[in-house]
Amino acid sequence: MVQNCKKALSEVSNYLDGELDAGLKLTLEAHLTYCNHCHAVFDSVKKTIEIYCDDKLFSLPEDVRSRLHEALKRKLQGCK
């Protein structure tokens, strides 16, 4: 279950890649409906990918995914 922003943001890549199980996806989407910060991050990442890919989502290469996760972790260290 996604219980906080750190957990939600750690799943951004999996969510956008369609790799979450149905229960976690629903929990994450519920979190995004009330958490403006996480919603903004998810929306920004999705839009960046769409712009880069001409509106076509794709799976990120593992090194890009790893760097994204590390950047999110660093950002979250300053939050909550």
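## Helix H4 and its cover

The buried residues of helix H4 are covered by parts that include helix H1 (5–10), helix H2 (12–16), H3 and helix H5 (62–77). Here a contact means heavy atoms within 4.5 Å, and buried means under 20% relative accessible area, exposed over 50%, and partly exposed in between (1.4 Å probe, protein chains only). Helices (H or I, at least four residues) and strands (E, at least two) are DSSP runs, numbered from the N terminus.

Before we go on, a word about the model: it is predicted, so local features need pLDDT of at least 70 and side-chain atom pairs count only at pLDDT 80 or more, while totals for chains, interfaces and linings use all residues. Residues are numbered from 1 along each chain as its sequence is written, and side-chain values use heavy atoms, leaving out hydrogens and water.

## The whole protein

The protein has 5 helices and 0 strands, and along the sequence the pattern reads α-α-α-α-α. Of its 80 residues, 36% are buried. Among contacts with a separation of 6 or more, 60% are between residues 24 or more positions apart.

About 5,400 Å² of the protein is exposed, and carbon and sulfur atoms supply 54% of that area. Accessible areas come from the Shrake-Rupley method with a 1.4 Å probe; for residues, only the protein chains shown count as cover.

## One face of H4

Which residues of H4 are buried? They are Cys38, Val41, Phe42, Val45 and Ile49. Seen down the helix axis, the buried residues of H4 fall within an arc of 95 degrees, so they line one face. The arc is that of the directions from the helix axis to the C-beta atoms. A general rule helps here: an α-helix has 3.6 residues a turn, so residues three or four places apart point the same way. On the face of H4 turned away from its buried side sit the exposed residues Asn36 and Ile51.

The length of H4 (residues 36–52) can be checked too. Its 17 residues should span 24 Å at 1.5 Å a residue, and the end C-alpha atoms are indeed 24 Å apart. The expected span is 1.5 Å times one less than the number of residues.

## A pair of rings

The structure holds 1 aromatic pair. Tyr15 and Phe42 form this pair, which is edge-to-face, with 5.7 Å centre to centre and 70 degrees between the planes. Rings of Phe, Tyr and Trp (its six-membered ring) pair if their centres lie within 6.5 Å; planes under 30 degrees apart count as stacked, over 60 as edge-to-face and the rest as tilted.

Because Tyr15 lies in helix H2 and Phe42 in helix H4, the pair ties together parts that are 27 residues apart in sequence. Phe42 is buried, at 4% relative accessible area, while Tyr15 is partly exposed, at 24%.

## Helix H3 and its partners

Leu24 belongs to helix H3 (residues 22–34) and is buried, with 14% relative accessible area. Leu24 and Glu11 are 13 residues apart in sequence, and their C-alpha atoms are 9.4 Å apart.

Glu29 also lies in helix H3, and at 27% relative accessibility Glu29 is partly exposed. The C-alpha atoms of Glu29 and Tyr15 are separated by 9.4 Å, with their positions 14 residues apart along the chain.

## Cysteines without a bond

How many disulfides does the whole structure have? A search finds 0, where a disulfide is a pair of cysteine sulfur atoms within 2.5 Å. The sulfur of Cys5 has its closest cysteine sulfur in Cys35, and at 3.5 Å that is too far for a bond. Cys5 is buried at 7% relative accessibility, and Cys35 is buried at 9%.
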